[in-house]
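Subject: A structure for you to look at

Hi there,

Here is the structure I promised to pass on. Have a look at it first, and then read my notes underneath.

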Amino acid sequence: IIWCQNPGTTNRGWGAVTAAEGLSLGRSPTLLSRRGGELWVGYASDSAFLNVFDGQKWSSISLRDVGIAENCGGLVETRDGAVWLAGRYSVGVYRKGRWTRYEKPAVPIPLARNFIFESSDGAIWIGGPNTEIVRLDYETPRWRMYHGLNFQWESPGGAEWILSSEGRVVL
């Protein structure tokens, strides 16, 4: 169940959206409000689908059918309009109407239930709890891996805050 304001009805209040409205369910949802107005919902576990609300109705995309790993939770839309889905051992990207899957060993995706973050310089950070983090200099073939570090946050000024496995704070 997702609670949202005006879930495609004339009701301007809050309401529940369930499988009856076409929502494929899972656990640990991530919601992404896209710049074009669509709402995307992905799940970190117990789901093989991505849900899309176009403002009127819900539809479900089978992740298996488009070649993306199931249980992709963290959704991020980068400045070029691509949508990144974080999964365990892999990352899926929807760009210009096409799906791409990145996974080990071809690319250094951390072995965790990952997060994805776009920093102010356009780089993509991929990481997970108690594992390495990866910086992708987006739109280039360069991937950089940082062992023993766990990305936490980027300040409004662009400073990147990272925790080390020894408990140190790295700026």
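Below is what I found, going from the whole chain down to single residues.

First, a caution: this is a predicted model. Keep that in mind for everything that follows.

Let's start with the whole chain. The protein has 17 strands and zero helices. Of its 171 residues, 44% are buried. The chain exposes about 9,400 Å², and 52% of that comes from carbon and sulfur atoms. If you take the contacts with a separation of 6 or more, 31% of them are between residues 24 or more positions apart.

Now the inside. The largest nonpolar core has 14 residues, and the ones touching the most other members are Trp84, Val91, Ile116, Ile124, Ile126 and Tyr138. Which strands give two or more residues to this core? They are S8 (83–86), S9 (90–95), S12 (124–127) and S13 (133–136). Another core lies apart from that one; it has eleven residues, including Trp40, Leu50, Cys72 and Leu85.

Strand S9 is worth a second look, since it also takes part in a hairpin with S10. The two strands pair in the antiparallel sense, over six bridges. To see one pairing up close, find Tyr94, whose bridge partner in S10 is Trp99. Two residues sit between the strands of this hairpin, and Lys96 takes a positive phi near 55° there.

If you carry on past S10, you get to Pro105. It is in the loop that runs between strand S10 (98–103) and strand S11 (115–118). Is Pro105 buried or exposed? Its relative accessible area is 83%, and anything over 50% counts as exposed, so Pro105 is exposed. Compare its position with that of Tyr89: the two are 16 residues apart in sequence, and their C-alpha atoms are 9.3 Å apart in space.

Next, the charged side chains. As a reminder, side chains of opposite charge can pair when their charged atoms come close. How many salt bridges does a search of the whole structure find? The search gives nine, and I picked out three for you.

The one I'd show you first joins the side chains of Arg34 and Glu77, with N and O 3.3 Å apart. Arg34 is in the loop between strand S3 (27–33) and strand S4 (39–45), while Glu77 is in strand S7 (residues 75–77), so this pair ties together parts that are 43 residues apart in sequence. Arg34 and Glu77 are both buried.

The second is between Glu70 and Arg64, at 2.1 Å from N to O. Here Glu70 is partly exposed, with a relative accessible area of 30%, and Arg64 is exposed, at 59%. Going back to the first pair, salt bridges with shared partners link Arg34, Arg35, Glu38 and Glu77 into one network.

The third joins Lys57 and Asp54, whose closest N and O atoms are 3.8 Å apart. Lys57 has a relative accessible area of 53% and is exposed, whereas Asp54, at 39%, counts as partly exposed.

When you open the model, try finding the hairpin of S9 and S10, then look for Arg34 and Glu77 and their salt bridge. Write back with any questions!

Cheers

Key:
Residues are numbered from 1 along each chain as its sequence is written. This is a predicted model: local features need pLDDT of at least 70, side-chain atom pairs count only at pLDDT 80 or more; totals for chains, interfaces and linings use all residues. Side-chain values use heavy atoms; hydrogens and water are left out. Helices (H or I, at least four residues) and strands (E, at least two) are DSSP runs, numbered from the N terminus. Buried means under 20% relative accessible area, exposed over 50%, partly exposed in between (1.4 Å probe, protein chains only). A nonpolar core is a set of buried Ala, Val, Leu, Ile, Met, Phe, Trp, Tyr and Cys residues joined through side-chain atoms within 4.5 Å. Contact means heavy atoms within 4.5 Å. Accessible areas come from the Shrake-Rupley method with a 1.4 Å probe; for residues, only the protein chains shown count as cover. Two strands pair if DSSP finds at least two bridges between them. A salt bridge is a side-chain nitrogen of Lys or Arg within 4 Å of a carboxyl oxygen of Asp or Glu.
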